[in-house]
Amino acid sequence: MRTLISLLLTFTLGLCLSSRAAAQCTPIPATGCPGQTSPICGTPPAIGTNFIFRCPPTCFPSVSQTIIIGTPIAPLPLPSPPMCVVGCTLGCQPIVVLTAPGATLAIPNNPALICLQLCIQCVCQVSGAACFTASQATLVKIQ
């Protein structure tokens, strides 16, 4: 029985590790506001490293940027107002919310984190307006 469990874990880990490195940060379709792009990953999300990301250029200029870090969810419609346009959706279930244009997260050197999937999405207050825009969400897969 122990051998079977080890074999299954090895197979699952092998499937995860065999995915292309470019797929570590993938935009989630049908999320955010029309015309928005996804947050930018500056480094690969890998155990034992610092993962750097920032809000997309379409989020600027803005008064403030808020980063939502969480788990992916089915796109949830956001009302207009407070969103600047109709058709915006939330793609991340918030776990951590930061008021910043970007962040650096230290990923512990723990193999149990390999294949963990997180979601990152930015919500930005538009300069000169009392409304918000949401970036497309990004699926982050830790390697």
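**Warm-up exercises on a small set of strands**

The protein has 1 helix and 9 strands; these are DSSP runs numbered from the N terminus, with helices being H or I of at least four residues and strands E of at least two. This is a predicted model, where local features need pLDDT of at least 70, side-chain atom pairs count only at pLDDT 80 or more, and totals for chains, interfaces and linings use all residues. Residues are numbered from 1 along each chain as its sequence is written, and side-chain values use heavy atoms, leaving out hydrogens and water.

**Exercise 1.** Work out in which order the helix and strands follow along the sequence.

Step 1: start with α. Step 2: carry on with β, right through to the end, giving α-β-β-β-β-β-β-β-β-β.

**Exercise 2.** Find what share of the 143 residues is buried.

Step 1: take the cut-off, where buried means under 20% relative accessible area, exposed over 50%, and partly exposed in between (1.4 Å probe, protein chains only). Step 2: apply it, and 35% of the residues count as buried.

**Exercise 3.** Put the strands of the open sheet in order and find its edges.

Step 1: recall that two strands pair if DSSP finds at least two bridges between them. Step 2: the 3 strands line up as β2-β3-β6, with antiparallel pairing. Step 3: β2 (40–41) and β6 each pair on one side only, and that makes them the edge strands. Step 4: zoom in on β2 and β3 (residues 50–54), which pair over 2 bridges. Isoleucine 40 has arginine 54, in β3, as its bridge partner.
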